[in-house]
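Colleague: Hi, could you walk me through this model before I head back to the bench? I'll just ask things as they come to me.

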Amino acid sequence: MTSVKVRVPAKVNVQLSVGPLRDDGYHDLVNVFHAVSIFDEVIAEEADTVTVRVEGEAVDQVPLDDDNLAVRAARLLAGRAGVTRGVSLRIRKTIPVAGGMAGGSADAAAALVACNQLWGVHLPPADLMELGAEIGSDVPFALLGGTAVGTGRGEQLRPVEVGGAFQWVFALADGGLSTARVYAECDRLRQATGAKVGWPEVNERLLAALRTGDPKALGPELANDLQPAAIMLRSRLVRTLDAGRERGALGAIVSGSGPTCAFLVESKEQATDLAVFLRGSGVARSVVTAEGPVAGAVIV
Ligand code: C5P
């Protein structure tokens, strides 16, 4: 085996409920992840050292040193498995960088799967997910894919049954938002307003809508506790969300920590219509349509 290619999806959070700040700097969450058909590819080739190249959009914003999450994943797996060889990683990015769609985590997940195969380590999926959680809270979900409830800091996953395909439109913004900064802004807003922070609970109506595959029932249940913080840091997201709602989206939310906005629609035709409308209204850098759920990181 001299080369392995892995395809890995982006995610949107259909529910992101943020609990109190923990002593370790993370928040306890109820995070309902949903993998959508926007994919990065990671190609791993045999090499003596660990290196990474990145191709695609906004690649100047992706670190190429040991801060790169795919590099960290490869080094972590090599260390745990006693592998002394290196790997040349090539990342083809389509998932927006720092866009709230877990693109960096996706690349880490893909690197774990690719190196596991390339080096003949053959760790089982559960072990890869444990390693993934050490790299980032969203990495285990990028391995799993589908739709899943994440608890803890988002890394403890329970798959959720979904009764059909959901159609989405994503409005990508200029520039990214730092996840840590958005969480910090969420804490600041809560403190400033004296909001009582309860223990996050999964929304059973949302799970029922997912189970029946009914976008009209899912739309009103979409919720993201990070949205006010993302809007505070990027006020023009309000215009983007409003534009989608006015054009008939069933639900409109900031994706994760933003600044990407996610719109749920009823059909592929409506996705195309909304995408054309959003492109024409100038409220986004670019607009893409996608469907979910899709599988997690897979060798292709
Ligand atoms: O786990 P990850 O490295 O992706 O998290 C990035 C940042 O997001 C953390 O450093 C933390 O500030 C914030 N975070 C959080 N609570 C979570 C997940 C992430 O506060 N459950």
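Colleague: Let's start with the helices: why do H1 and H3 count as oblique to each other?

Modeller: H1 and H3 pack at about 130 degrees with their axes 10 Å apart, and they are therefore oblique. Oblique is what remains after roughly parallel (under 35 degrees), roughly antiparallel (over 145) and roughly perpendicular (65 to 115). Axes are lines fitted to C-alpha atoms, for helices over the stretch in contact, and angles between N-to-C directions run from 0 to 180 degrees. Do keep in mind that this is a predicted model: local features need pLDDT of at least 70 and side-chain atom pairs 80 or more, while totals for chains, interfaces and linings use all residues. Residue numbers start from 1 along each chain as its sequence is written.

Colleague: Which residues of H1 and H3 make the contact?

Modeller: H1 brings Leu69, Arg72, Ala73, Leu76, Leu77 and Arg80, and H3 brings Leu131, Glu134 and Ile135. Contact here means that C-beta atoms, placed from the backbone, lie within 7 Å. By class that gives six nonpolar, no polar and three charged residues. Nonpolar covers Ala, Val, Leu, Ile, Met, Phe, Trp, Tyr, Cys and Pro; charged covers Asp, Glu, Lys and Arg; the others, Gly among them, are polar. Helix and strand names are DSSP runs numbered from the N terminus, with at least four residues for a helix (H or I) and at least two for a strand (E).

Colleague: Okay, and at what angle do H1 and H2 pack?

Modeller: About 35 degrees, with the axes 7 Å apart; H1 is residues 69-81. Their crossing is right-handed, a term for the near helix being turned clockwise from the far one by less than a right angle (anticlockwise would be left-handed). The H1 side includes Leu69, Ala70 and Leu77, and these and others meet H2 residues including Gly104, Ala108, Leu112 and Cys115. In total the contact of H1 with H2 has ten nonpolar, three polar and two charged residues.

Colleague: What about H2 and H3, at what angle do they cross?

Modeller: Roughly 140 degrees, with the axes of H2 (103-118) and H3 (125-135) coming within 10 Å. H2 and H3 are therefore oblique to each other as well, and H2 passes H3 in a right-handed crossing. From H2, Ala108, Ala109, Leu112, Val113 and Asn116 meet Leu128, Leu131, Gly132 and Ile135 of H3. This contact has seven nonpolar, two polar and no charged residues.

Colleague: Changing topic: which residues surround the ligand?

Modeller: The shell is Gly25, Tyr26, His27, Leu29, Gly136, Ser137, Asp138, Arg153, Gly154, Thr179, Ala180 and Tyr183. To be counted, a residue needs its C-beta atom, placed from the backbone, within 6 Å of the ligand. Strand E2 (27-47) and helix H5 (179-193) are the elements that give two or more residues to this shell. By class the shell has four nonpolar, six polar and two charged residues.

Colleague: Which element gives the largest share of that shell?

Modeller: H5, with three residues. Domain 1 and domain 2 each provide at least three residues of the shell.

Colleague: Oh, domains! What are their bounds?

Modeller: Domain 1 is 3-160 and domain 2 is 166-291; such bounds come from an automatic or database domain assignment. Their centres, taken over C-alpha atoms, are 22 Å apart. In the interface, 29 residues of domain 1 are in contact with 35 of domain 2. On the domain 1 side, strand E1 (3-21), E2 and strand E5 (147-151) each supply at least two residues, and E1 has the largest share with ten. That side divides into 18 nonpolar, ten polar and one charged.

Colleague: Last one, on the backbone: where is Pro259?

Modeller: In the loop between strands E9 (251-254) and E10 (261-265), and the peptide bond from Gly258 to Pro259 is cis, with omega near 5 degrees. The bond from Gly292 to Pro293 is cis too, with omega near 0 degrees; Pro293 lies in the loop between E11 (286-292) and E12 (298-299). Also look at Ala102, which has a positive phi of about 60 degrees although it is not a glycine. Ala102 is in the loop between strand E4 (86-93) and H2.

Conventions. Contact = placed C-beta atoms within 7 Å.
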